[in-house]
Amino acid sequence: MTLVEPARGRGLAIWAQIAEILQDEITRGVVKPGEQLPPEAVLAARFRVNRHTLRRAVAALQEAGVVRVEQGRGTFVAEDVIDYALGQRIRLTENLRKLDRTPGSTFLRGVELPAPARIARALAMRAGKPVILLETLSFADGRPMSVGAHYFPKARFDGIIEDYRRVGSITKALAERGIDDYFRKVTRITAQMPDAADARLLQQARNQPILVTEAVNVDIAGTPIEFGHSRFSGPRVQFTVEN
């Protein structure tokens, strides 16, 4: 951190000067997107101000979208927002690489369960028939981006959990089943507040909204193959619709 300090008598409030200094350091890359600022007590001591003054400076940066404050965790430099394209072909890894981002994913769990009525309708099958639920956590540049619940008809995709764990990609796992191409039939988007589990996985505060998508993917014959329910980090992702 630079040793620049606010100047008394400059005609600008001390908290505003602190905000200027911190923003300048963030702009110059002294603290990078996603990194945590020093604790409040450390910053207050550095600028020789009380915590109330320091909090006003941080609040101003938060309002400007420069930082995000996570309750119980600290203050972090806001990341660049990812433009996640929604179109007929949605491939997470491919989308991120086009944006020069590094994709990644983690397997959370895989189970078999009776299809709830809503999911059964989306997959054009009878309620109660078995589906495979595959849950994943996706990353962009090492930062959590989305928690995904992917449902597949068991009759057609029995064993897809093992395929995914082996190849690390839903697109590749579907290719193992002879599905070389598939299309997005419909996507519904809503915004809501995360529950404790999603906030923990996405590493964001519970008072920050998430973007929720419900989607149906179909094969080239138009047969539903997947119902997806994904929760995206609101501070890190925005959707763009391809025409």
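**Helix 2 and the six-stranded sheet**

The buried residues of helix 2 pack against helix 1 (14-27) and helix 3 (51-63); buried here is under 20% relative accessible area, exposed is over 50% and partly exposed lies in between (1.4 Å probe, protein chains only). Helices (H or I, at least four residues) and strands (E, at least two) are DSSP runs, numbered from the N terminus. The model is a predicted one, so local features need pLDDT of at least 70 and side-chain atom pairs count only at pLDDT 80 or more, while totals for chains, interfaces and linings use all residues. Residues are numbered from 1 along each chain as its sequence is written, and side-chain values use heavy atoms, with hydrogens and water left out.

In helix 2 (residues 40-47), the buried set is L43, A44, R46 and F47. These residues sit on the same side of helix 2, because their arc around the axis is only 160° (taken from the directions from the helix axis to the C-beta atoms). Right after helix 2 comes R48, with a positive phi near 60°.

Then there is the sheet: 6 strands, open, in the order 4-5-6-9-8-7, with antiparallel pairing (two strands pair if DSSP finds at least two bridges between them). Strand 4 (103-114) and strand 7 (182-192) are at the edges with a single partner strand each, so one side of each has no neighbour in the sheet. From one strand to the next, the twist averages 15° (axes are lines fitted to C-alpha atoms, for helices over the stretch in contact, and angles run from 0 to 180 degrees between N-to-C directions).

Strand 8 (residues 210-219) and strand 9 (residues 224-233) run antiparallel and are joined by 9 bridges; E214 has H229 of strand 9 as its bridge partner.

Notes:
Contact = heavy atoms within 4.5 Å.
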